[in-house]
Structures are given as structure tokens and as C-alpha cells.
Amino acid sequence: MAGRQTGRHRRPPEEQATYREVFAVGEFRAIWLAQALSFIGDQLAQVALAVLVYDHTRSTLLTALVYALTYIPPIVGGPVLSGLADLFPRRTVMVVCDVLRAGLVALMAVVPMPVGVLSILVFLTVLFGTPFSAARAAVMPDVLEGDRYVAGSAIANVTHQITQVLGFLAGGAAVAVVGTYEALALDALTFGASAVILIGGLKRRPAPRLRERESLGLWRGTRDGARLVFGDPVLRSLVLFAWLCAFYVIPEGLAVPYAATFGGGAVTAGLLLAAMPAGMVVGALLFSRFVRPANRLHAMGWMSMLACLPLVAAGAHPPLWWVVGLWALSGVGGAYQLAANTAFVAAVPASGRGQAFGLAQSGILAGQGAGILVGGAAAQVLGPETVVALAGVLGLSAAAMLTLCWNQVRGGVIAGSRERVEPVVVTPSSTGGDELSGIGRSAS
């Protein structure tokens with residue numbers, strides 16, 4: 001360090017970034033706005049599809065099947081396609097995926113089709129969302145550094161949940177007033193708007209593995225991503241925490257038949273669908289703003305159990321407003337995903353972000369899809385209330401076991417996070433810029 005001058009410093013380990021600082025970054029504003037538009041459209045489409053299929057078939061299983069198709073595609077192609085986020089410029093990947101999804105959803109909106117064909121188009125639409133999500137997650141640490149990334153992740157999470165609340169509530173009302181196909185058309189428009197915003201607001205960056213494109217196949221990238229994640233006990237624990245949502249997402253897939261048990265229709269289903277996202281908004285705001293960074297990692301296990309515990313009460317067949325409150329409380333517990341995501345980012349090398357995020361995201365979506373599909377099949381026999389209660393019991397058991405494993409590696413993660421925010425020293429470079437040197441900055 002001799003001869004180097006002390007320059008700008010990273011914020012102290014326990015000092016937290018403000019939302020104002022994050023929104024001051026123009027690229028983040030573009031990502032955020034594109035995300036918000038896309039999410040609102042997605043919720044409109046999910047309500048429309050669920051109501052469309054249930055009205056035509058009156059089948060809980062087929063309704064859950066089509067809803068599950070919004071999660072299942074990553075099983076067959078997600079981990080492979082996610083590698084595109086490392087082989088091609090990430091902005092390009094996001095824009096192309098938006099354009100393709102806009103076209104597919106527009107086709108669903110303008111051409112009436114049987115459930116089978118509709119299911120294929122839903123499958124393809126979600127499949128193209130996998131490289132988009134991997135690219136967006138991989139570029140976020142380039143746009144926001146340090147605790148700004150934590151605050152930015154909280155904003156993105158809260159935005160997702162708020163748009164889910166608004167989208168589900170508005171979706172139920174829109175379907176009741178204007179119809180299902182018009183809601184699908186709005187979803188197509190949001191994908192197109194997202195692409196335009198990203199082109200204008202997000203800086204083009206070169207592909208992280210441009211020189212390796214000819215020699216690195218996507219299947220090899222998938223294998224390397226799996227080895228990276230599951231070969232490390234910390235990353236393995238964190239990704240399993242992320243995949244725990246396969247249990248507490250099951251109520252979402254059963255919302256329409258669950259609403260029918262109360263004699264309700266699209267509006268009641270929208271209310272139930274909005275409950276968990278509303279709870280997540282509250283949980284994410286409290287967790288990111290009032291819990292210190294190290295304490296988030298301490299509380300993660302307990303929060304994951306809270307995400308599952310309230311669902312157990314569904315077995316007592318409570319009234320509608322109790323169900324809404326219990327699902328909202330489950331959403332509060334789900335805010336633990338914020339800490340898991342931040343720790344995951346810190347532990348993954350930049351060149352492998354696309355692969356690692358793609359694997360994690362694909363597992364999340366695949367687990368959710370499988371959980372909803374199994375839950376729908378079981379609800380045909382047992383009823384939606386019993387299935388939601390069983391999902392809570394199984395999820396709570398899995399969360400407790402994960403927490404025990406996490407407690408064994410948590411100390412090293414906390415110590416590593418403190419090293420990453422040690423003061424950074426700078427030395428003038430030959431071009432007049434700053435050349436940064438720091439300890440353990442694997443996330444950037």
C-alpha cells in the first residue's frame with residue numbers, strides 16, 4: 001500500500017444506503033420503471049389466464065396446470081438459456097426477450113385458441129423470461145455497489161410486490177369489466193414499453209465472456225454454474241433458502257378455487273392473490289430499512305419459517321378475512337429472500353453471475369411450478385384449504401432444517417461481508433481515472 005493515496009471510501013459496514021441515493025442512479029431508474037410496467041402486465045395476464053381456463057373447464061387441476069406453466073419452463077430450458085446473459089451483452093438479451101414476449105402475448109390476445117395451444121404459448125413466453133431475469137440480476141451489481149445494491153434490491157422487491165397487489169386487484173376488476181383478452185393485450189404493451197425504456201436508459205456493456213463465446217457451450221455453462229453453486233456450502237444454503245418458496249407459493253396457484261369456497265369470483269381471487277405481495281411489501285420495507293445488515297443474516301432462518309407457519313392455520317377453515325391476514329403474514333416472512341439474494345450476490349464471482357443467477361432463478365420458478373401443479377392435483381381430492389395447510393407444514397419443516405444448516409456457515413458470511421466494505425484505496429492511473437484496490441470484492 002506504500003505510496004498510495006487514500007481516496008473515496010466505502011460506507012462503514014453497518015451504515016445503510018438510502019433510497020434517494022439509489023434513485024439518483026439513472027440506469028437503476030430505467031431498470032426499475034421497465035420492471036414495474038412488466039410486472040403490472042404480468043399480474044393482469046395471470047388473473048386473466050386463470051379465470052379464462054376456470055370459466056371454460058371448471059377444473060381446478062387444469063387451472064393450476066396453466067398457472068403452473070408460468071413457472072415450469074425453467075425445468076427444461078432455464079439453466080441453459082440463462083448462460084446467454086454471460087455470452088452476450090446483457091442489455092441486448094433483455095431487450096430481445098422483451099420483444100419476443102410482447103409478440104407471443106399479443107398473439108394470445110388477438111387469436112382465440114384452445115387451452116392446449118394457449119398453454120404452449122404461455123410456456124414459451126415464460127421460457128424467454130428466464131434469460132431476461134438472469135441478465136437483469138447480473139447487471140444490477142454493475143449499476144449499484146455496496147449497500148446501494150441492498151437498497152436497490154429492496155426497492156425492486158417492494159416494487160414487485162406492490163405491482164402484484166395492484167395488478168391482481170386491477171386484474172380481477174379488469175377481467176370482470178373488459179374481459180380476459182383485453183388484459184392480455186395490456187400485458188403485451190408493457191413488454192414493448194419495457195424494451196423501449198431499457199434501450200434508452202441502460203448503458204450497453206460488453207459481454208463478460210465475449211472471447212469465450214466460440215469455445216463455451218451453453219450446456220457446459222449450465223454444468224459450470226451448478227458446480228459453482230452446489231460446490232460451495234454457503235451458496236448451496238442460500239440457493240436452497242431461495243427455493244423454499246416452492247411451498248409458500250402454492251396458495252397463489254389455488255386462489256381461484258379457494259375463492260370459490262367462499263362463493264367468490266374474480267374479485268375475491270384477486271384479493272387473495274394480493275394478500276401475500278402486500279405482506280411482502282411491509283416485510284421488505286421493515287427488513288431493509290430497520291434491520292442492520294449483519295442482523296438480516298441472523299434473522300433469515302426465522303423469517304423463512306414465518307413465511308410458512310401462517311399457512312398451517314388454513315386447515316381450520318377460517319373465514320375469508322382471516323385467510324387474507326394469514327397470507328399477508330406469510331408474505332412478511334418471505335422478505336427473508338432479500339437477505340438471501342444479497343448474500344448470494346456477494347459470494348458469486350462477476351464472470352459467473354449469469355450462470356449462478358440463472359440456476360437459482362430457474363430452480364425458484366421450477367419449484368414454484370411443480371408445487372402449484374402438485375397442489376392443484378391434490379386439491380381435486382382434498383380441497384384447497386387442506387392443501388394449503390399441508391404446504392405450510394412441509395415448508396415449515398424444510399425451513400427449520402435449512403436454518404440449522406445455515407447457522408453453521410452464517411458466521412463466515414457475516415465476517416466476509418465486513419471485509420468487503422473495508423476502506424478502498426485508490427491510485428491515479430495513466431488515463432487520469434481511478435484504479436481501485438480492495439479486499440474480497442467478489443460481488444463486483
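Are Arg205 and Glu27 buried or exposed? In this predicted model, both Arg205 and Glu27 are buried. The two residues also form a salt bridge, in which the closest N and O atoms are 2.9 Å apart. Arg205 sits in the loop between α9 (180-201) and α10 (218-230), while Glu27 belongs to helix α2 (residues 26-57), so the pair ties together parts that are 178 residues apart in sequence.

This pair is a useful entry to the charged contacts of the model. Side chains of opposite charge can pair when their charged atoms come close. With a cut-off of 4 Å between a side-chain nitrogen of Lys or Arg and a carboxyl oxygen of Asp or Glu, the count comes to four salt bridges. One of them joins the side chains of Glu21 and Arg148, with an N to O distance of 3.3 Å. Glu21 lies in helix α1 (residues 19-23) and Arg148 in helix α8 (residues 147-177), so this contact ties together parts that are 127 residues apart in sequence. Glu21 has 22% relative accessibility and counts as partly exposed; Arg148, at 33%, also counts as partly exposed.

Another salt bridge is found between the side chains of Arg90 and Asp142, at 3.8 Å from N to O. This pair links distant parts of the chain, with Arg90 in helix α6 (residues 90-110) and Asp142 in helix α7 (residues 115-143), 52 residues apart. Its two partners fall into separate accessibility classes: Arg90 counts as buried at 7% relative accessibility, and Asp142 counts as partly exposed at 30%.

Contacts across the sequence can also be followed through C-alpha distances. Helix α2, which holds Glu27, also contains Leu44. Leu44 has a relative accessible area of 8% and is therefore buried, the limit being under 20%. Between Leu44 and Leu166 there are 9.1 Å in space, C-alpha to C-alpha, although the two are 122 residues apart in sequence. A second example involves Thr403, a residue of helix α20 that counts as buried at 7% relative accessibility. The C-alpha atoms of Thr403 and Met300 are 8.0 Å apart, with the two positions 103 residues apart in sequence.

Met300 leads to helix α16, where it is one of the buried residues. The others listed as buried in α16 include Pro293, Arg296, Leu297, Met303, Ser304 and Cys308. What should the 16 residues of α16 span at 1.5 Å a residue? The expected value is 22 Å, and the end C-alpha atoms are 23 Å apart, which agrees. Nevertheless, α16 contains a kink of about 45 degrees, centred on Ala299.

Beyond α16, the chain enters the loop between α16 (293-308) and α17 (320-333), where His317 is placed. Most residues other than glycine have a negative phi, and most peptide bonds are trans. His317 has a phi near 55 degrees, a positive value in a residue other than glycine. At 49% relative accessibility, His317 counts as partly exposed, because only values over 50% are classed as exposed. Helix α17 follows, and its 14 residues should span 20 Å at 1.5 Å a residue; the end C-alpha atoms are 20 Å apart, which agrees. Among the buried residues of α17 are Leu320, Val323, Val324, Trp327 and Gly331.

Helix α15 (residues 266-290) offers another case of a bend. Its 25 residues reach 36 Å from the first C-alpha to the last, close to the 36 Å expected at 1.5 Å a residue. A kink of about 30 degrees lies at Ala275 in α15, shortly before the proline Pro277.

The final feature is the second largest pocket, which holds about 180 Å³ of space. Which helices each supply at least two residues of its lining? They are α12 (245-248), α19 (353-382) and α20 (384-420). The lining includes Ala246, Phe247 and Ile250, together with Gly371, Val374, Gly375 and Ala378, as well as Val387, Leu390, Ala391 and Leu394. By residue class, the lining divides into nine nonpolar and two polar residues, with no charged residue. Helix α20 thus appears twice in this account: as a contributor to the pocket lining and as the helix that holds Thr403.

Terms used. Residues numbered from 1 in each chain as written. Predicted model: local features only at pLDDT ≥ 70, side-chain atom pairs only at ≥ 80, totals over all residues. Heavy atoms only, no water. 1 Å grid on protein atoms, 1.4 Å probe; cavity = no way out; pocket = protein on both sides within 12 Å on 5 of 7 lines; lining within 4 Å. Points joined across faces, edges and corners; volume = space filled by probe spheres on them. Helix = DSSP H or I, 4+ residues; strand = E, 2+ residues; numbered from the N terminus. Nonpolar A, V, L, I, M, F, W, Y, C, P; charged D, E, K, R; others polar. Expected span 1.5 Å × (residues − 1). Bend = angle between axes of the 7 residues up to and from the residue. Buried < 20%, exposed > 50% of the residue type's maximum accessible area, 1.4 Å probe, protein only.
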